[in-house]
Amino acid sequence: MASNPETSLVDLRSDTVTQPTLAMRDAMSAAPLGDDVFGDDPTVNALQTTLAGQLGFEAALFVPTGTQSNLCAIMAHCQRGDEYIVGQMQHAYRWEGGGAAVLGSVQPQPLEHQADGMLALADIEAAIKPDDPHFARTRLLALENTLGGKLLPFDQVLAATQLAQRRGLARHLDGARLFNAATAQAAASGDEVLHEARRIAGCFDSVSVCFSKGLGAPVGSVLCGPRDFIQRAHRIRKMVGGGMRQAGVLAAAALFALENHVDRLAEDHAHARRLADGLAGIEGLNVQTPQTNILFVELTGAARERSAELLAHLKAHGVLALGLYQLRFVTHLDVDAAGIDRAIAAVRSFFKP
């Protein structure tokens with residue numbers, strides 16, 4: 001992608017701010033359409049079939065948002081009075097309005113994360129309730145990968161999901177950034193990204209993938225799973241207002257992203273490392289080492305008292321970030337190496353004596 005002009009914003013708030021590329025817009029414009037509520041939108045059907053096949057599932061369902069995808073998954077796996085085990089900082093528990101509890105009467109059982117983002121096996125085991133009318137029925141283990149930009153260690157994911165399977169629990173993955181996780185895992189294993197995505201997905205009964213983050217589509221997530229599970233999720237999608245008509249114009253963007261934007265995620269990871277390296281050594285900043293495309297920078301000492309000033313300074317220099325005492329920078333396809341260097345220069349100019 002061409003470098004951002006010096007006058008444009010370097011928007012590092014989130015990878016959700018990406019704009020469709022010209023080629024993606026062309027694909028959207030040219031997409032053959034039908035009525036997806038009737039199941040006859042060919043582009044939606046192609047997206048669902050393609051992703052399900054790539055990840056090793058029987059079927060898939062295109063939905064407007066990742067929040068709705070997780071809600072459909074939890075409600076399709078669980079009934080009223082059931083519960084799902086989930087991490088305290090997972091999106092499905094913390095940032096999705098309590099939808100599973102409010103709309104599905106499914107109780108969350110949140111657990112603390114370990115330093116690497118995983119849930120401890122002993123904690124999962126202890127959280128599974130006995131078959132007793134005093135307790136909600138434990139039915140589901142939900143994980144998220146990546147979590148805050150961290151790649152969950154595959155051996156621990158495998159162990160946790162095998163534990164859940166032994167105990168009769170279903171297993172759902174919020175894979176909003178599944179392909180970022182697969183990209184990081186592939187870098188370590190030397191295997192192909194798609195192979196790693198399928199290997200991660202193979203640990204779960206259902207997987208949700210978001211296309212409006214690093215993959216750069218404007219809208220949409222896809223929920224994958226067994227055919228009967230997707231049939232239940234389809235009914236739930238209808239109940240919560242997720243049925244769309246000529247949705248192929250949106251699915252075309254996701255399909256284009258799947259075919260063209262997966263391999264380039266490695267660039268975003270490299271840009272996050274470039275940003276981390278550029279901010280290293282600045283007094284008052286504790287720069288974490290990014291594993292994927294999300295970088296956290298903690299302000300320490302006297303710098304904590306100037307956090308609002310720093311954000312205003314960055315904005316005045318055309319750089320946007322989120323946070324206060326801990327800043328979050330997220331790289332994506334609309335930020336290139338020149339934009340990263342502008343962000344580094346803006347931060348360094350603030351701390352210049």
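## Packing around helix α11 and the mixed sheet

In this predicted model, the residues A23, M24, A27 and M28 of helix α1 meet V249, A252, A253, F256 and A257 of helix α11. The residues of this contact divide into 9 nonpolar, no polar and no charged. Helix α1 spans residues 22–30 and packs against α11 at an angle of about 135°, with the axes 8 Å apart; since angles over 145 degrees count as roughly antiparallel and 65 to 115 as roughly perpendicular, α1 and α11 are therefore oblique to each other.

Helix α11, residues 248–260, also comes together with helix α2, residues 42–55. On the α2 side the contact is made by T43, V44, A46, L47, T50, L51 and Q54, and on the α11 side by G248, A251, A252, A254, L255 and L258. Here the residues divide into 9 nonpolar, 4 polar and no charged. The two crossings are set out below.

| Helix pair | Angle between axes | Axis distance | Handedness |
|---|---|---|---|
| α1 and α11 | about 135° | 8 Å | right-handed |
| α2 and α11 | roughly 35° | within 8 Å | left-handed |

The model also holds an open sheet of 7 strands, whose order is β2-β8-β7-β6-β5-β3-β4 and whose pairing is mixed. Its edge strands, each pairing on one side only, are β2 (59–63) and β4 (107–111), and the twist from one strand to the next averages 20°. At the β4 edge, strand β3 (residues 82–87) runs parallel to β4 and is joined to it by 5 bridges; V86 has P110 in β4 as its bridge partner.

Conventions: Residues numbered from 1 in each chain as written. Predicted model: local features only at pLDDT ≥ 70, side-chain atom pairs only at ≥ 80, totals over all residues. Heavy atoms only, no water. Axes fitted to C-alpha atoms, helices over the stretch in contact; angles between N-to-C directions. Helix = DSSP H or I, 4+ residues; strand = E, 2+ residues; numbered from the N terminus. Left-handed = near helix turned anticlockwise from the far one by under 90°. Contact = heavy atoms within 4.5 Å. Nonpolar A, V, L, I, M, F, W, Y, C, P; charged D, E, K, R; others polar. Pairing = 2+ DSSP bridges. Parallel < 35°, antiparallel > 145°, perpendicular 65-115°, else oblique.
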